[in-house]
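Please open the model in the viewer and keep a selection panel at hand. The tour proceeds from a pair of helices to the cysteines.

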Amino acid sequence: MEEGNINIEELISKGTTIEFNPFEVIPDSLSDNDNEVTKEEYDKEILKHVNLNCLGDFEDSDVYDCTEPFTFLESKMTDNFCNEGIKKRVLQVGYGNKPEEKSIVRVHYNAYIEFNEEPFDSTYARKMPHQFMVATGEVLPGLDIAVQSMQLTEISQFLIKPHLAYGTQGCLDRIPPNATVLFQIELIEIIEGAASEMYKILPEDQKNDFKNVYKFCISQCAKAKDLFNRNIRSAIKNYNIAVAALEVAQLHSYEDQVSQQELLYKLYSNLVVCYTKVQEPKKACINFNKIKDLVKGTDLKISAKAYFNSARCLRMLGDYDLAKSRLQKAHNLEPRNPEILNEFKVIDEETRKCKERHKKMAEAFVKV
């Protein structure tokens with residue numbers, strides 16, 4: 001096994017205890033702040049996802065078997081599934097195709113063990129969906145298999161047997177040995193993950209074709225989004241790779257042009273955020289200027305977030321007048337945004353300090 005890669009199925013088969021941090025977050029979308037929740041916030045949120053079904057069917061206490069708390073759920077599930085270790089019940093029907101091998105998916109879920117109405121893990125409580133590439137061993141085998149059976153927007157319950165979950169060892173003090181677990185999963189996004197690898201082996205004369213470039217760039221965006229909160233420099237690299245490919249793509253129709261413009265807008269906007277976060281204001285301003293040029297003659301509009309980050313970068317560069325002008329445009333779009341209102345105060349304070357410095361320099365020059 002390569003260093004840094006963990007194969008969940010291999011670990012389980014060898015009886016190794018799996019350690020995980022239920023408070024580790026996966027980025028949902030690009031923002032200026034990491035959307036982490038504290039342990040106290042997580043504990044408070046988890047109570048919103050209590051599932052009394054895990055305690056059994058109390059409507060008929062005479063026949064309730066307290067030794068099998070998942071019994072009534074299992075009776076409503078189907079075992080007509082691709083794996084004997086999983087049973088499934090669809091709560092909300094989805095649409096479209098199911099995830100293919102190496103597709104990147106984003107899911108929300110609550111996970112329960114028998115006799116516990118409170119989830120032992122919840123992406124909803126963390127306020128962040130979990131993102132992974134299917135069929136690569138990144139998650140529990142049962143979770144991987146379950147998600148591959150789903151359609152977009154589908155919500156389903158899965159009872160997963162121990163050999164596809166946490167095995168004979170369990171997991172620390174949270175999951176007992178040989179535990180069947182219940183996952184209620186919502187599939188919220190499917191991204192073509194294999195496109196990046198396929199693009200690399202394409203003949204050179206096909207690498208600029210818009211259809212191929214677009215799939216590749218979507219895959220690069222997914223990688224960058226996943227890296228944003230963990231390694232922002234790598235996220236920037238992936239965004240720039242996508243931009244470079246998309247800017248020279250060969251378009252074949254007006255629809256291609258619209259799709260190119262929309263994706264470039266997203267890429268430039270994300271780079272503005274990234275460069276602002278790492279305090280490289282000049283590069284952020286370059287990408288904001290690309291946004292300005294891109295939206296001319298289109299239905300695209302510059303967002304409040306783009307104006308806001310541009311204003312912050314201009315402040316860093318000392319261009320306070322233009323910074324305030326850009327910030328005012330952000331304020332017009334989101335007049336109640338507290339970050340925007342606070343940035344006005346920061347600009348005013350730095351403008352005052354700058355004028356004081358200039359005044360002192362002028363006074364010193366006169367004395368000389």
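Select helix 10 and helix 11 and view one through the other: their crossing is left-handed, a term for a near helix turned anticlockwise from the far one by less than a right angle, clockwise being right-handed. The model is predicted, with local features needing pLDDT of at least 70 and side-chain atom pairs pLDDT 80 or more, while totals for chains, interfaces and linings use all residues. Residues are numbered from 1 along each chain as its sequence is written, and side-chain values use heavy atoms, without hydrogens and water.

Helix 10 spans residues 281-295 and helix 11 residues 304-316; they pack at about 140 degrees with axes 9 Å apart. Helices here are DSSP runs of H or I of at least four residues, numbered from the N terminus. Axes are lines fitted to C-alpha atoms over the stretch in contact, and angles run from 0 to 180 degrees between N-to-C directions. The two helices are therefore oblique to each other, that is, outside the ranges under 35, 65 to 115 and over 145 degrees.

Next, select the contact residues (heavy atoms within 4.5 Å). Helix 10 contributes P281, A284, C285, F288 and I291, and helix 11 contributes A306, Y307, S310, C313, L314 and M316. These comprise 10 nonpolar, 1 polar and no charged residues.

Finally, select the cysteines. The whole structure has 0 disulfides, a disulfide being two cysteine sulfur atoms within 2.5 Å. For C313, the nearest cysteine sulfur belongs to C285, 5.2 Å away. C313 is buried at 0% relative accessible area, where buried means under 20% (1.4 Å probe, protein chains only).

Terms used
Buried < 20%, exposed > 50% of the residue type's maximum accessible area, 1.4 Å probe, protein only. Nonpolar A, V, L, I, M, F, W, Y, C, P; charged D, E, K, R; others polar.
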